[in-house]
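I opened this notebook to record what I looked up in the structure, one topic per entry.

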Amino acid sequence: MTQGRNGRTRRGPGLGELSSRGGGPVVNRRFVLRKTVFALKVVFKGGYLTQTWHQIRMLLTDWLFLALLGIGMALCSMLMDSIIDYLQTFQLVLMNWASHTGNVFLDYLCTYLAWLGYTEFLVICSAMFVHYVAPQAIGSGIPEMKTILRGVILKDYLTCRTLISKMVGLTFALGSGIPIGKMGPFVHVASIVANLISNFAANFDGVYGNECRKSEMFAAACAVGVACTFSAPVGGVLFSIEVTTMYFSVRNYWRGFFAAVCGATVFRLLRVFLNDSEVTVVAFYQTHFPKDAFVPEELPFFALIGLICGFMGAGFIILYRSLVMFLRRNSFAKRFFQRNWITYPIVVAFIVATITYPRGYGRFLTGRFKFTRTLLDFFSNCTWSVPVRSLDSPHGCGPDLLSSWTNHEGYGPYNVYLVISLFMLTFFFLSALCNTIPVPCGMFMPVFVVGAALGRLVGEIIASIFPDGMGEGTDQPIFPGVYSVVGAAALSGSVTHALSVAVIVFELTGQLIYILPVMIAVIIANAISTYLQPSIYDSIIKIKHLPYLPDIPPTNSAIHMFCAENIMVAPVRYLSKQTTYDEIREILVDMPKLRSFPVVDDPSELKL
């Protein structure tokens, strides 16, 4: 509407009106141009395009940094595995050199000294390097990350110096052959790398220096650490949620999965390209059980394994805590080991090397020499307690496998049940003992192997009792390897209080046929261990006196009835705008341990 010269209003042409010229519908071009210019000004001035581009850039940068985290950790893991494998192989070569003296007694003595000296040397190198470079690298690292993800700042735990100390110390310790794991320390390593990436990105964009953003990277890093150890991305994400976080933010879910998948994919491809024995992308400990590897009648025995593993897991936690507290409280241990810190790793390395010496007591334990490689034998699709595989014994094992366990270097033959029992009990104790050494070490893999031995023992016993299988009208035999897989998952889940161990086992073995027995055993073992003891990581937090608030038991209703007045100091000392300097000083002198005081608006109402 416009005002005419004669004072009357007249209606101007609007958008889409008909024009008298040309005889057809013509859009008012001035109006369209004016509206378009106005809209563009609004878009640019309002920052819509700028904001959208900023969001796209942030998303792409997130994907880039997460991919770098996963790929970088895969390269580090593969490099460490290659060096560790070389160090462990060289120990066998060294023993072979020492066994050509021409005298039986000298052969025995020289091979023992070579075995002992090599183990001592690498353990001492690991302990000294960690002690002088960064003592924060000692231990697993998962308890510390659990504390950090609660918002507590631990000094020097996420520095480049700690990263170097952790990786070098862990490589030496694992290369020595002592029964320790890699997963816990590698979670710590991945978290340090995530922190370094965040600090680097903060130089270009300050948002990456935000504590919330770092916490998201740490959550993804914990998943990457597990994924690059076992090549298990899904289990790694779930394990990191269960073990390291109390309240998990859903927006971190895709970050953890993406980074874990990148790491696991690159790690598996590197194994194919670098290892001549790998011809395709397979699981770490690939199993080949048939689809009908168990029958419903065997489920009670799987539940029995879960029951035993529940009590064994609680016993392992008690044993570890008792060893640590003995070293702290015993007068002789304090005087002998704390004053000379290097003495303790020397003594423990001596005990482990002497027990595992292949021509001594180690003939019952070593098998194929490498502690973690024994899983290939435990998970094998054959039965140890029957004769060697032949036409008359189709379910027997090959001669190499049986001789390495029951007739090692011609010292046997020994009873299969005796060998497995000694292996399980010995490494149950040695695993707890070696995790008290001041070197980077993890507990998951040793407990996993001990659980596999327990399951194998139960499976061999069941196979001997039911040589023709349990199902009526079928000749389906008992597969002790399935029992071994179930035992490994149940005991490790019992110690860590994590149900996601079942998923890790499926990815580790590459099969899902035993999902039902594994879940039954893991749930039973977890329930028993949770009722009896805190998890191994919570126990370490308590031992180290790290600041950490434990979970409130959901079944304890009395805890939920507590109010703030039950734990607060009375009478309440407060500050207000009328408080004088002398009153403030008096409050600080009277209550020196309090670092904060409530500020109220009016002393008469005590409103904050």
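**Surface and burial.** I began with the exposed area of the protein chain, which comes to about 30,900 Å². Carbon and sulfur atoms supply 64% of that area. I then looked up burial: of the 608 residues in the protein chain, 49% are buried.

**Confidence.** The model is predicted, and I therefore checked its pLDDT before reading details. The protein chain averages 80, and 79% of the residues score at least 70. Over residues 9–27 the pLDDT stays under 50. For that stretch I found 19 contacts beyond four places in sequence. I leave these contacts uninterpreted, because predicted coordinates should not be read in detail where pLDDT is low.

**Secondary structure and contacts.** I noted 21 helices and two strands in the protein chain. Among contacts with a separation of 6 or more, 75% join residues 24 or more positions apart.

**Helix α8.** I compared the length of helix α8 with expectation. The helix runs over residues 233–244, and its 12 residues should span 16 Å at 1.5 Å a residue. Its end C-alpha atoms are 16 Å apart, so the two values agree. I also listed its buried residues: P233, G235, G236, V237, F239, S240, V243 and T244.

**A buried serine.** I looked up S165, which is placed in helix α5. Its relative accessible area is 0%, so S165 is buried. Leaving aside residues up to four places away in sequence, S165 touches F129, V130, V133, A134, A137 and P440.

**Salt bridges.** How many salt bridges does the count give? I obtained five, and I recorded three of these pairs in detail, beginning with D81 and K182.

The side chains of D81 and K182 meet with N and O 2.8 Å apart. D81 belongs to helix α2 (residues 48–98) and K182 to the loop between α5 (160–175) and α6 (183–202), so this pair ties together parts 101 residues apart in sequence. The relative accessible area of D81 is 25%, which makes it partly exposed. K182 has 10% relative accessibility and counts as buried, because the cut-off for burial is under 20%.

In the pair of E144 and K544, the closest N and O atoms are 2.6 Å apart. Here too the pair links distant parts of the chain, its residues being 400 apart. E144 sits in helix α4 (residues 142–148), while K544 is in the loop between α20 (536–543) and α21 (581–590). I noted E144 as buried, with a relative accessible area of 1%, and K544 as partly exposed at 34%.

R585 pairs with D582, with the closest N and O atoms 3.5 Å apart. Both residues lie in helix α21, three residues apart, which is about one turn of the helix. In an α-helix, residues three or four places apart point the same way, because there are 3.6 residues a turn. I read R585 as partly exposed at 47% relative accessibility and D582 likewise as partly exposed at 48%.

**A nonpolar patch.** Which residues make the nonpolar surface patch of about 600 Å²? I listed L304, L307, I308, F311, Y531 and L532. Helices α10 (299–329) and α19 (515–532) each supply at least two of the patch residues. The largest share, four residues, comes from α10. Y531 is placed in helix α19; at 73% relative accessibility, Y531 counts as exposed.

**Positive phi.** I searched next for backbone exceptions, since most residues other than glycine have a negative phi. H497 is not a glycine, yet it has a positive phi of about 60°. I located H497 in the loop between α17 (480–496) and α18 (501–509). At 18% relative accessibility, H497 counts as buried.

My second entry under this heading is H545, with a positive phi near 60° in a residue other than glycine. Is H545 buried or exposed? H545 lies in the loop between α20 and α21, and at 66% relative accessibility it counts as exposed.

Terms used
Residues numbered from 1 in each chain as written. Heavy atoms only, no water. pLDDT = per-residue confidence, 0-100. Contact = heavy atoms within 4.5 Å. Salt bridge = Lys/Arg side-chain N within 4 Å of Asp/Glu carboxyl O. Buried < 20%, exposed > 50% of the residue type's maximum accessible area, 1.4 Å probe, protein only. Patch = residues over 30% accessible without salt bridge, like charges linked within 9 Å, V, L, I, M, F, W, Y side chains within 5 Å. Areas by Shrake-Rupley, 256 points an atom, 1.4 Å probe, with all protein chains shown as cover. Expected span 1.5 Å × (residues − 1).
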